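Subject: A structure to look through

Dear colleague,

I am handing over the structure we spoke about, and I would be glad if you opened it before reading further. My notes on what was found follow below it.

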Amino acid sequence: MMTDLISNALSKILTYDKGNKKECEIQYVSNMLLKVLEILQDNKYLGGFETVQTSKGRHIVVNLIGYINKCASIRPRVAVGNGDYTAVEKRYLPAHGFGIIIVSTPQGIMTHKEALEKNLGGRLIAYCY
């Protein structure tokens with residue numbers, strides 16, 4: 001039994017991306033994982049993805065473009081306030097303004113930059129650069 005779908009999916013994406021593969025298939029799907037992949041696609045880390053329904057269930061086929069240096073989930077899901085994003089950036093990202101941190105807020109899942117603009121806190125989900 002898997003404990004963290006997002007962590008397993010991001011690990012598989014990073015492994016396939018480092019191995020110069022063009023696509024990656026993720027077998028286990030959740031709505032939060034789909035939203036995380038949408039954010040990665042919007043920020044140009046992924047080429048795209050599609051959900052495929054088979055007789056065994058849903059899975060995702062992700063197109064990789066080779067722009068990911070590192071991506072991982074953040075465990076445990078630490079709560080962060082609006083004023084704490086600078087410290088979180090220093091911990092998870094290599095430089096200020098380089099990469100994204102994905103945050104779950106009361107208004108939905110978004111990047112830390114969007115949450116800072118909207119003056120929202122939330123829980124940390126993942127990071128990518």
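At the start of helix 1, which backbone nitrogen does a side-chain oxygen of Asp4 reach? Please keep in mind throughout that this is a predicted model. The nitrogen in question belongs to Ile6, and the side-chain oxygen of Asp4 comes to within 3.4 Å of it.

Helix 1 itself covers residues 5-18, which makes 14 residues, and the distance from its first C-alpha to its last is 20 Å, close to the 20 Å expected at 1.5 Å a residue. Its buried residues are Ile6, Ala9, Leu10, Ile13, Leu14 and Asp17. Seen down the axis of helix 1, these buried residues fall within an arc of 130°, so they line one face of the helix. It may help to recall that an α-helix has 3.6 residues a turn, so residues three or four places apart point the same way. What covers the buried residues of helix 1 includes two elements that you can pick out in the viewer, helix 2 (31-42) and strand 8 (122-128), together with strands 1, 2, 3 and 4. Just after helix 1, Asn20 takes a positive phi of about 60°.

Asp4 also appears in a second setting, through Ser73, a residue of strand 4. The side chain of Ser73 makes a polar contact of 3.4 Å with the side chain of Asp4, and another polar contact, of 3.5 Å, joins the side chains of Ser73 and Ser7. Is Ser73 buried or exposed? Its relative accessible area is 15%, and because buried means under 20%, Ser73 counts as buried. Leaving aside residues up to four places away in sequence, Ser73 touches Asp4, Ile6, Ser7, Leu10, Ile125 and Ala126.

The aromatic residues come next, and a search of the whole structure finds three aromatic pairs. In one of them, the rings of Phe98 and Tyr129 have their centres 6.1 Å apart and their planes at 45°, so the pair is tilted. This pair links distant parts of the chain, since Phe98 sits in the loop between helix 3 (85-92) and strand 6 (100-105), while Tyr129 sits in the segment after strand 8, and the two are 31 residues apart. Phe98 is partly exposed, with a relative accessible area of 41%, whereas Tyr129 counts as buried at 19% relative accessibility. Tyr129 also forms a stacked pair with Tyr127, at 6.3 Å centre to centre and with 15° between the planes, and both of these tyrosines are buried. Tyr92, Phe98, Tyr127 and Tyr129 form one aromatic cluster.

Finally, some details of the backbone deserve a careful look. Where is Pro76 placed? Pro76 lies in the loop between strand 4 and strand 5 (79-80), and the peptide bond that leads to Pro76 from Arg75 is cis, with omega near -5°. Lys44, in the loop between helix 2 and strand 2, has a phi near 65°, which is a positive value in a residue other than glycine, and Lys44 counts as exposed at 58% relative accessibility. Asn119, in the loop between helix 4 (112-117) and strand 8, has a positive phi of about 60° although it is not a glycine, and Asn119 is exposed, with a relative accessible area of 54%.

With best wishes

Notes:
Residues are numbered from 1 along each chain as its sequence is written. This is a predicted model: local features need pLDDT of at least 70, side-chain atom pairs count only at pLDDT 80 or more; totals for chains, interfaces and linings use all residues. Side-chain values use heavy atoms; hydrogens and water are left out. Helices (H or I, at least four residues) and strands (E, at least two) are DSSP runs, numbered from the N terminus. The expected span of a helix is 1.5 Å times one less than its number of residues. Buried means under 20% relative accessible area, exposed over 50%, partly exposed in between (1.4 Å probe, protein chains only). The arc is that of the directions from the helix axis to the C-beta atoms. Contact means heavy atoms within 4.5 Å. A polar contact is a pair of N or O atoms within 3.5 Å; within protein, one must be able to donate a hydrogen and the other to accept it, and residues adjacent in sequence count only if both atoms are side-chain atoms. Rings of Phe, Tyr and Trp (its six-membered ring) pair if their centres lie within 6.5 Å; planes under 30 degrees apart count as stacked, over 60 as edge-to-face and the rest as tilted.
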